[in-house]
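User: Hi! Could you walk me through this chain?
Analyst: Happy to. Here it is, and then we can talk.

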Amino acid sequence: MSDIYNIYIDILNKLKMHVKSEPFALHGVVIGAMGTGKTTFAKSLASTFAEVNGGECIYSDSIDVLKQLNPSEKPLAVVIDDVSYQLFGLTKDVRQMLTRIFKIRHTIKQNTLLIFVVHYAKSISPFVRTAPLKVLTSISPAEISAYASEFDFADLVDYLEDYSLYKQKYIYYISIYGYGFKYDVTNCIVADRCKQWKRKKSN
């Protein structure tokens with residue numbers, strides 16, 4: 001098994017350690033600047049989840065896709081891309097979406113992984129706080145204070161140092177149920193293992 005594959009498996013195993021019953025629904029957010037590999041990483045993690053569970057992958061650019069999900073015969077991995085403006089603040093839409101996430105295992109009736117890709121987290125912190133999986137693909141000094149309530153402050157400072165020092169690499173900071181980990185995914189963000197993505201477009 002390749003090191004590339006092992007990184008995704010390691011993240012998924014750390015998530016599943018906290019699962020108390022099945023079917024389960026886990027959701028995560030991947031946050032960072034453009035060009036830092038957010039979507040590729042999200043799709044690679046989701047497709048690994050689908051592969052090891054014999055499931056399917058769905059990709060969309062709208063949170064409305066959650067309304068279209070029905071009971072499934074297989075585990076499901078869903079990536080929803082660029083949802084920053086769709087999740088602005090704790091609006092009625094955000095509250096409805098959170099409710100849908102928390103009930104998704106009853107809707108799908110299978111193990112489900114939802115990953116949301118966003119460009120910034122400051123305006124969607126109520127949503128970010130509920131995510132067991134939080135991934136930073138980039139950081140700047142100005143963002144330290146913005147993320148301080150969502151991540152361990154000392155870990156953020158440490159991540160900023162590495163991120164600034166190794167600009168040529170893809171260094172990610174990942175929080176799983178509050179436990180922080182750093183991963184060098186430079187060789188991993190091309191490892192999209194899903195054989196067939198089902199793309200659902202926004203209406």
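**Rings, a helix and a loop**

Analyst: Let's start with a charge over a ring: Lys134 lies over the face of Phe151, at 5.9 Å from the ring centre. Such a charge counts if NZ of Lys or CZ of Arg is within 6 Å of the ring centre and within 35 degrees of the ring normal. This is a predicted model, where local features need pLDDT of at least 70, side-chain atom pairs count only at pLDDT 80 or more, and totals for chains, interfaces and linings use all residues. Residues are numbered from 1 along each chain as its sequence is written, and side-chain values use heavy atoms, with hydrogens and water left out.

User: Which ring does the charged end of Lys43 sit over?
Analyst: That of Tyr59, 4.7 Å from its centre.

User: Cool. How many aromatic pairs are there?
Analyst: The count comes to seven. Rings of Phe, Tyr and Trp (its six-membered ring) pair if their centres lie within 6.5 Å; planes under 30 degrees apart count as stacked, over 60 as edge-to-face and the rest as tilted. Tyr8 and Phe41 form a tilted one, 5.8 Å centre to centre with 45° between the planes.

User: And why does that pair tie together separate parts?
Analyst: Because Tyr8 lies in helix H1 (residues 3-16) and Phe41 in helix H2 (residues 38-53), the pair ties together parts that are 33 residues apart in sequence. Helices here are DSSP runs of H or I with at least four residues, strands are runs of E with at least two, and both are numbered from the N terminus.

User: Is Phe41 buried or exposed?
Analyst: Phe41 counts as buried, at 1% relative accessibility. Buried means under 20% relative accessible area, exposed over 50%, partly exposed in between (1.4 Å probe, protein chains only). Phe41 also pairs with Tyr172: the centres are 5.3 Å apart and the planes at 85°, so this pair is edge-to-face. Phe41 in helix H2 and Tyr172 in strand S6 are 131 residues apart.

User: Switching to H8, which of its residues are buried?
Analyst: Leu156, Tyr159, Leu160, Asp162 and Tyr163. They pack against strand S5 (133-136), helix H7 (143-147), strand S6 (171-176) and strand S7 (179-184), with contact meaning heavy atoms within 4.5 Å.

User: Do tell me about Ser62 too. Where is its place?
Analyst: Ser62 is in the loop between strand S2 (56-60) and helix H3 (65-68). At 5% relative accessibility, Ser62 counts as buried.
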